Amino acid sequence: TEAMSSKKYSVVNYALTTGAYKDFVKLDEKAITFGDKDESNLYIFEAKYNTDTPKQKFLQTAKVCADTVYLMTIGLGLTTGATTKYEDLIKTFTCSK
């Protein structure tokens, strides 16, 4: 069987995420490349964890390292403008050797 890639895992996780959060609004989807040249998708969306929590802006992706998956999620306030610095931070993640 084919190994699960970071990109495939991010796509599957995103599909599950859309139903798990409340008031979900997709803002953007980008292809990203990590520091070790692995590729994934980065999703930016607004949502609430549940009906009692405030709506937030989220950046989310996945990184597969051998048999371990790292799901990276950054939660920001809705008034946060550009997310470039957070995207750049996520891209620095690499698998340890």
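The legends below describe close-up views of a predicted model.

**View 1. The nonpolar patch that includes Val 12 of helix H1****.** Met 4, Val 12 and Leu 16 together make a nonpolar patch of about 290 Å² on the surface. Val 12 has its place in helix H1, which spans residues 6–20, and with a relative accessibility of 45% this residue counts as partly exposed.

**View 2. The hairpin of strands E1 and E2****.** Strand E1 (residues 22–33) runs antiparallel to E2, and nine bridges join the two; within this pairing, Lys 30 stands opposite Leu 42 of E2. Five residues lie between the two strands of the hairpin, and Lys 37, in the turn, has a positive phi of about 75°.

**View 3. Strand E2 and its pairing with E3****.** Strand E2 (residues 39–48) is largely enclosed by the rest of the structure, because nine of its ten residues are buried. Five bridges join E2 to strand E3 (residues 56–65), the two running antiparallel, and Tyr 43 stands opposite Gln 60 in E3.

**View 4. The aromatic cluster, with the pair of Tyr 49 and Phe 58****.** The structure holds nine aromatic pairs. One of them, formed by Tyr 49 and Phe 58, is edge-to-face, with 5.4 Å from centre to centre and 80° between the planes. The two partners are covered to unlike degrees: Tyr 49 is partly exposed, at a relative accessible area of 45%, whereas Phe 58 is buried, at 1%. Ring pairs link both residues into a cluster with Tyr 14, Tyr 21, Phe 24, Tyr 43 and Phe 45.

How values were computed. Residues are numbered from 1 along each chain as its sequence is written. This is a predicted model: local features need pLDDT of at least 70, side-chain atom pairs count only at pLDDT 80 or more; totals for chains, interfaces and linings use all residues. Side-chain values use heavy atoms; hydrogens and water are left out. Patches are made of residues with over 30% relative accessible area and no salt bridge: like charges are joined within 9 Å, nonpolar side chains (Val, Leu, Ile, Met, Phe, Trp, Tyr) within 5 Å. Accessible areas come from the Shrake-Rupley method with a 1.4 Å probe; for residues, only the protein chains shown count as cover. A salt bridge is a side-chain nitrogen of Lys or Arg within 4 Å of a carboxyl oxygen of Asp or Glu. Helices (H or I, at least four residues) and strands (E, at least two) are DSSP runs, numbered from the N terminus. Buried means under 20% relative accessible area, exposed over 50%, partly exposed in between (1.4 Å probe, protein chains only). Two strands pair if DSSP finds at least two bridges between them. Rings of Phe, Tyr and Trp (its six-membered ring) pair if their centres lie within 6.5 Å; planes under 30 degrees apart count as stacked, over 60 as edge-to-face and the rest as tilted.
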